Amino acid sequence: MRRRLAGIGELAVAALAAELALDPKPGLVTPTRRGSHADMEHATFVASIDALRPYFADCAQLGAAGAGFAPLQARGLAAERAMFAATGGINTHKGAVFSLGLLAAAAGRLAARPAERSAGAQALGEVVRRCWGDDFATPPAAPSNGRRALREHGVPGAREHAAAGFPVLFAVTLPALQAALARGGGEREAGVHALLSTMAVLPDTNLVHRGGPAGLAWAQRASEAFVAAGSVFAAGWEARLAALCDEFERRWLSPGGAADLLAAAWFAHALPDELFAVAPHAALVA
Ligand SMILES: CC(C)(COP(=O)(O)OP(=O)(O)OC[C@H]1O[C@@H](n2cnc3c(N)ncnc32)[C@H](O)[C@@H]1O)[C@@H](O)C(=O)NCCC(=O)NCCS
Ligand SMILES: Nc1ncnc2c1ncn2[C@@H]1O[C@H](COP(=O)(O)OP(=O)(O)OP(=O)(O)O)[C@@H](O)[C@H]1O
């Protein structure tokens, strides 16, 4: 079991690396672009991922041990501190520490409890909602960009998305990723299709923080237009994507929440199918 939980942690780290490797991405940091960011670059993200390496396996371990939210939160806050120490105080992965950490904990819990498994990767979101959702549905008093987006503009963010069982991740991001792979797309095409499909619908508080509700609305419409034009399945998509990336940078917008969900989708996609196979006795009870 220990090795399986360590494996879950490794898949989470690999998922963050896959998100970072995707190039180009509108407004986001890639191996060749800084996107709409003056204070970070590819090396900052590499250092951040390295600092987070032990964190996700610990989340899986805590999930397997049946931990409540308090120990997970304490581990998450320690991971945030490690991230800030590695990046010189820059927020590279705060959203991912939260969302991917919870999903790794849910995977650990399902690994240890076959009776709680159910069909489909959305079982992970169900575990998060059922086991920990009530504990973080209410935001703490500390100010944050996400809290401001909710208070001032009514836009829900990472906390609300997780408390609802990650509906966008499981209804949009992961299906888009898997549909593109099934159509013969490589990692790059699948990543772009999943990212843009997510950006078209996600209430991303990072976009609200950067561009207000108008910035979010513009980014959603522009992403929707890319997908409606055939996404990565239509000729000329690379040129259309390059133009979109330029426009995101001109407007200084960055879809950090959608980037986190792309990493989460790579993670869910890579988990072994058996985690989502219904245990025989659970099927009998249902
Ligand atoms: C829950 C967090 C992410 C709070 O986020 P909040 O909404 O208050 O805003 P904040 O500006 O801090 O972070 C926003 C980040 O969330 C991501 N995000 C934005 N919108 C969304 C969305 N709709 N869905 C998912 N992620 C999103 C982006 O990466 C963005 O940068 C976080 O700061 C927190 O509480 N961290 C503590 C660590 C913790 O509890 N970990 C649990 C470990 S399992
Ligand atoms: N590849 C990526 N490139 C850029 N941002 C990413 C990437 N992947 C994820 N993100 C998300 O974008 C967020 C950074 O956005 P931003 O620069 O607006 O930071 P902030 O700390 O929230 O705001 P500010 O620096 O203005 O206080 C990160 O926390 C991260 O969640």
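## Close-ups of an all-helix chain

**Figure 1. The whole chain, to get our bearings.** With 286 residues, a compact globule would have a radius of gyration near 19 Å, and this chain agrees with that, coming in at 18 Å. Keep in mind that what you're looking at is a predicted model. Laid along the principal axes, the C-alpha atoms of the chain fill a box of roughly 55 × 45 × 35 Å. What is the secondary structure made of? It comes to 13 helices and zero strands. So if you read along the sequence, the pattern is simply α-α-α-α-α-α-α-α-α-α-α-α-α.

**Figure 2. The surroundings of ligand 1.** Here we zoom in on the shell of 32 residues around ligand 1, where G76, G95, G101, G146 and G257 come nearest. Which elements give two or more residues to this shell? They are α3 (69-87), α4 (94-112), α6 (145-153), α7 (158-163), α10 (205-228) and α12 (256-270). The largest share belongs to α4, which supplies eight residues. Sorted by character, the shell around ligand 1 has twelve nonpolar, 14 polar and six charged residues.

**Figure 3. The surroundings of ligand 2.** Now for the other ligand: 20 residues sit around ligand 2, and L28, V29, N91, G256 and A259 come nearest. Two or more residues each are given to this shell by α1 (2-21), α4, α10 and α12. How do the residues around ligand 2 divide by character? Five are nonpolar, eleven are polar and four are charged.

**Figure 4. Where α2 meets α3.** A quick tip before the next three views: two packed helices are described by the angle between their axes and the distance between the axes. For α2 (42-64) and its partner α3 (69-87), the axes come within 8 Å and cross at roughly 165°. Angles over 145 degrees count as roughly antiparallel, so that is the label for α2 and α3. Their crossing is right-handed. On the α2 side, look for T44, A47, S48, D50, A51, L52, Y55, D58, C59 and L62; they meet P71, L72, R75, A79, A82, M83, A85, A86 and T87 in α3. This contact of α2 with α3 divides into 13 nonpolar, three polar and three charged residues.

**Figure 5. Where α3 meets α4.** Let's stay with α3 and turn to another partner, α4. How do these two pack? Their axes are 10 Å apart, at an angle of about 140°. That makes α3 and α4 oblique to each other, and α3 passes α4 in a right-handed crossing. The contact pairs up L72, G76, A79, E80 and M83 of α3 with K94, V97, F98, G101 and A105 of α4. Count them by character and you get six nonpolar, two polar and two charged residues in the contact of α3 with α4. Two of these names may ring a bell: G76 and G101 are also among the residues that come nearest to ligand 1.

**Figure 6. Where α6 meets α10.** In this pair, the axes of α6 and α10 come within 8 Å and cross at roughly 60°. The two helices are therefore oblique to each other. Is the crossing left-handed or right-handed? For α6 and α10 it is left-handed. The residues to find are N145, G146, A149 and H153 of α6, together with T205, V208, H209 and P213 of α10. Three residues of this contact are nonpolar, five are polar and none are charged. G146 turns up elsewhere too, as one of the residues that come nearest to ligand 1.

**Figure 7. Two backbone spots in the loops.** Our last view leaves the helices for the stretches that link them. Where is P24 found? Look in the loop between α1 and α2. The peptide bond that leads from D23 to P24 is cis, with omega near 0°. Next, move along to F166, in the loop between α7 and α8 (167-182). What is phi for this residue? F166 has phi near 60°, a positive value in a residue other than glycine.

Key: Residues numbered from 1 in each chain as written. Chains lettered and ligands numbered in written order. Predicted model: local features only at pLDDT ≥ 70, side-chain atom pairs only at ≥ 80, totals over all residues. Near = placed C-beta within 6 Å. Helix = DSSP H or I, 4+ residues; strand = E, 2+ residues; numbered from the N terminus. Nonpolar A, V, L, I, M, F, W, Y, C, P; charged D, E, K, R; others polar. Axes fitted to C-alpha atoms, helices over the stretch in contact; angles between N-to-C directions. Parallel < 35°, antiparallel > 145°, perpendicular 65-115°, else oblique. Left-handed = near helix turned anticlockwise from the far one by under 90°. Contact = placed C-beta atoms within 7 Å. Rg over C-alpha atoms; globule rule 2.2 N^0.38 Å.
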